[in-house]
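Visitor: I would like to go through the labels attached to this model and ask what stands behind each one. Can we begin with the picture?

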Amino acid sequence: MTNLIRVNNLTKWYVGKKKKQTIKAVDGVSFTLEKGKILGIIGESGCGKSTLGRLLVALEKPTDGTIEFEDQIINHIVKQEPLKFRRNCQMIFQNPFDTFDPRNDIQKILTNALKIHNIGNSKEERVDICIKAMEDAGIKPAKDYLHRYPHELSGGQLQRISIIRSMLLKPKLIIADEPVSMLDVSVRADILNVLLNMTKEKDASMIFISHDIATTRYISDMIAVMYLGRIVEMGKTDDIIQNLKHPYTKVLISNCASIDPFEKANVIKINGEPPTPIDTGPGCYFAPRCYKACEECKESYPPMIKVEDGHYASCFYLG
């Protein structure tokens with residue numbers, strides 16, 4: 001398979017207003033994503049998932065490291081062909097109500113995206129393209145929704161519109177940042193299926209950002225586990241769920257609710273809240289909360305080790 005995106009030692013540090021503290025939102029992240037594959041990124045709130053997503057679509061500039069899209073540095077593509085890059089790399093945000101200009105109706109929201117990227121030869125053709133996409137995504141009859149405004153739609157309907165607008169451009173990469181976390185439980189599965197089906201139909205790759213392990217497992221080919229700005233374990237979805245190695249991954253999985261009410265879960269409890277990403281180091285960032293931590297963990301950060309083919313973890317005491 002051909003790699004669509006390659007991330008090498010990506011960092012995003014902010015300088016705090018007080019005492020010039022360094023806030024390490026993303027701290028040395030590296031991974032590759034093949035064309036047509038879905039990578040799930042999971043972790044607690046504040047671990048840097050959303051910042052990573054914004055870096056990947058060039059909504060933020062990295063402090064260090066590189067992002068290559070189809071073997072080209074993203075920063076170079078954005079400078080030379082910004083419109084082409086925006087068409088190829090689309091982001092679906094967590095809150096659909098913050099995504100759109102409330103002054104525009106749904107027809108204008110969708111047709112403007114087509115017009116900007118020169119898709120369709122006339123207004124009528126663009127409207128027809130939008131109607132078909134809306135019908136395919138389950139918004140029926142589409143004509144009844146074209147002249148409604150964002151506030152007249154439910155969260156689920158509006159997130160469908162967000163997905164449709166992104167997919168109309170036939171992107172090669174979708175960054176979905178917790179796309180169902182703000183929606184009612186009753187519509188989450190339906191929205192996920194729309195997103196998954198449209199991604200496969202367009203032969204696109206996706207990075208699915210979430211704190212929900214069960215949802216990420218359902219949708220992803222691979223999973224990367226983040227903790228305090230770093231990836232601590234990464235591999236194929238089944239390996240991460242069934243053959244997990246890092247202590248933090250074990251904590252996350254053990255605390256994930258099962259759909260089987262009779263399953264006995266061995267919940268691993270840890271103390272304390274995640275530390276802040278301010279002036280972290282020098283040891284393992286998880287060491288203060290880890291049930292396996294030793295002196296070595298407090299002195300240096302463990303390297304990323306190959307566990308098996310395609311499965312990596314960063315810990316001195318794996319297993």
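Visitor: Why does Arg289 count as buried?

Guide: First, this is a predicted model: local features need pLDDT of at least 70, side-chain atom pairs count only at pLDDT 80 or more, and totals for chains, interfaces and linings use all residues. Residues are numbered from 1 along each chain as its sequence is written, and side-chain values use heavy atoms, with hydrogens and water left out. As for Arg289, its relative accessibility is 9%. Buried means under 20% relative accessible area, exposed over 50%, and partly exposed in between (1.4 Å probe, protein chains only). The value of 9% is under 20%, so Arg289 is buried.

Visitor: What makes Glu44 and Arg289 a salt bridge?

Guide: Their side chains meet at 3.3 Å, N to O. A salt bridge is a side-chain nitrogen of Lys or Arg within 4 Å of a carboxyl oxygen of Asp or Glu, so the pair qualifies. Glu44 has a relative accessibility of 25%, and therefore counts as partly exposed.

Visitor: Why can this pair be said to tie together parts of the chain?

Guide: Glu44 is in the loop between strand S3 (38-42) and helix H1 (49-56), while Arg289 is in the loop between helix H10 (247-254) and helix H11 (295-299), so the pair joins parts that are 245 residues apart in sequence. The element names are DSSP runs numbered from the N terminus: helices are H or I with at least four residues, strands are E with at least two.

Visitor: How many salt bridges does a search of the whole structure find?

Guide: Twelve. One of them joins Asp101 and Arg103 at 2.8 Å, N to O. Asp101 is partly exposed at 27% relative accessible area, and Arg103 is exposed at 67%.

Visitor: What separates Lys132 and Asp136 in helix H5?

Guide: They are four residues apart in H5 (residues 123-136), which means about one helical turn. Their side chains form a salt bridge of 2.9 Å, N to O. Lys132, at 53% relative accessibility, is exposed, and Asp136, at 56%, is exposed as well. Elsewhere, Arg6, Glu68 and Asp71 are joined into one network by salt bridges that share partners.

Visitor: Why are H5 and H6 called oblique?

Guide: The axes of H5 and helix H6 (residues 155-168) come within 10 Å and cross at roughly 125°. Axes are lines fitted to C-alpha atoms, for helices over the stretch in contact, and angles run from 0 to 180 degrees between N-to-C directions. Under 35 degrees counts as roughly parallel, over 145 as roughly antiparallel, 65 to 115 as roughly perpendicular, and the rest as oblique. An angle of roughly 125° falls in none of the named ranges, so H5 and H6 are oblique.

Visitor: Which residues make that contact, and how do they divide by class?

Guide: Ile129, Cys130, Ala133 and Met134 of H5 meet Ile161, Ile164 and Leu168 of H6, where contact means heavy atoms within 4.5 Å. Seven of these residues are nonpolar, none polar and none charged. Ala, Val, Leu, Ile, Met, Phe, Trp, Tyr, Cys and Pro count as nonpolar, Asp, Glu, Lys and Arg as charged, and the others, Gly among them, as polar.

Visitor: What makes H4 and H6 roughly parallel?

Guide: Helix H4 (residues 106-116) packs on H6 at about 20°, with the axes 9 Å apart. That angle is under 35 degrees, so the two helices are roughly parallel. The H4 side of the contact is Ile106, Ile109, Leu110, Ala113 and Leu114, and the H6 side is Leu158, Ile161, Ile164, Arg165 and Leu168. By class, nine are nonpolar, none polar and one charged.

Visitor: What makes H1 mostly covered?

Guide: Six of its eight residues are buried, namely Lys49, Thr51, Leu52, Gly53, Leu55 and Leu56. Leu55 has a relative accessible area of 1%, so the label buried applies. Beyond its neighbours within four places in sequence, Leu55 contacts Leu10, Lys12, Val26, Glu60, Lys61, Pro62 and Ile67. Just after H1, Ala58 takes a positive phi of about 60°.

Visitor: Why is Lys202 called partly exposed?

Guide: Its relative accessibility is 33%, between the 20% and 50% limits, so partly exposed is the label. Lys202 lies in the loop between helix H7 (185-201) and strand S8 (205-210). Not counting residues up to four places away in sequence, Lys202 touches Met167 and Lys170. The C-alpha atoms of Lys202 and Met167 are 7.7 Å apart, with their positions 35 residues apart along the chain.
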